[in-house]
Amino acid sequence: MALTKNERRLRIKNRIRKVVSGTEARPRLAVYRSNKEIYAQIVDDVTGKTIVAASSRDKDIDTAKANKTEAAALVGKALAEKALKAGVETIAFDRGGYLYHGRVKSLADGAREAGLKF
């Protein structure tokens, strides 16, 4: 029987997580995309702590009245600004099993523009 979309994404996500992990020097930027929103957080996997997080539900992004791709870019910029304040400059990007296209790519580009190094 064929896999559902979500089962396929979770398999790809597990394959990615075998390779990509966050350390204190280079934490992991994890992305989750729902139908309406997009969430991103920078995680130190060694200690199991989230350093910073941002989402399209944040007040400044939610009131921007942008489409979903533009909102993803705003989330990337907001996350990068918070990360730079927390002392994080380089990250490992974890696309969470999603294709690097559309909203996920827009979030990554927004984070790069704001100063994060991948």
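**Exercise 1. With which side chain does the side chain of Arg 28 make a polar contact at 2.8 Å, and where does Arg 28 stand?**

Before starting, note that this is a predicted model, in which local features need pLDDT of at least 70, side-chain atom pairs count only at pLDDT 80 or more, and totals for chains, interfaces and linings use all residues. Residues are numbered from 1 along each chain as its sequence is written, and side-chain values use heavy atoms, with hydrogens and water left out.

Step 1. Place the residue. Arg 28 is in strand β1; helices (H or I, at least four residues) and strands (E, at least two) are DSSP runs, numbered from the N terminus.

Step 2. Decide how accessible Arg 28 is. Its relative accessibility is 8%, so Arg 28 counts as buried. Buried means under 20% relative accessible area, exposed over 50%, and partly exposed in between (1.4 Å probe, protein chains only).

Step 3. Look for polar contacts. A polar contact is a pair of N or O atoms within 3.5 Å; within protein, one must be able to donate a hydrogen and the other to accept it, and residues adjacent in sequence count only if both atoms are side-chain atoms. The side chain of Arg 28 makes such a contact with the side chain of Asp 45, at 2.8 Å. Another, also listed at 2.8 Å, goes to the side chain of Asp 94.

**Exercise 2. Find the strands that pair with β1, and give the sense of each pairing**.

Step 1. State the rule. Two strands pair if DSSP finds at least two bridges between them.

Step 2. Take β2 (38-44). β1 and β2 run antiparallel and are joined by 6 bridges; Arg 28 stands opposite Val 43. A hairpin of 4 residues connects β1 to β2.

Step 3. Take β4 (residues 92-94). This strand pairs with β1 in the parallel sense over 3 bridges, and Asp 94 is the bridge partner of Ala 30.

Step 4. Inspect the loop between β1 and β2, where Ser 34 lies. Ser 34 counts as buried because its relative accessibility is 19%. Leaving aside neighbours within four places in sequence, Ser 34 is in contact (heavy atoms within 4.5 Å) with Tyr 39 and Arg 103.

**Exercise 3. Check the span of helix α3 and describe its two ends**.

Step 1. Compute the expected span, which is 1.5 Å times one less than the number of residues. For the 18 residues of α3 (residues 68-85) this gives 26 Å; the end C-alpha atoms are 26 Å apart, so the two agree.

Step 2. Examine the N-terminal end. Asn 67 caps it, with a side-chain oxygen 3.2 Å from the backbone nitrogen of Thr 69.

Step 3. Examine what follows the helix. Just after α3, Gly 87 takes a positive phi of about 90°.

**Exercise 4. Which element supplies the largest share of the largest nonpolar core?**

Step 1. Define the set. A nonpolar core is a set of buried Ala, Val, Leu, Ile, Met, Phe, Trp, Tyr and Cys residues joined through side-chain atoms within 4.5 Å.

Step 2. Find the best-connected members. Of the 24 residues in the largest core, Leu 29, Ile 42, Leu 107 and Leu 116 touch the most other members.

Step 3. Assign the core to elements. β1, β2, β3, α3 and α4 each supply at least two residues, and the largest share, 7 residues, comes from α3.

Step 4. See what covers α3. Its buried residues include Ala 71, Val 75 and Leu 79, and the elements covering its buried residues include β1, β2, β3 (49-55), α2 (59-62) and α4 (103-113).
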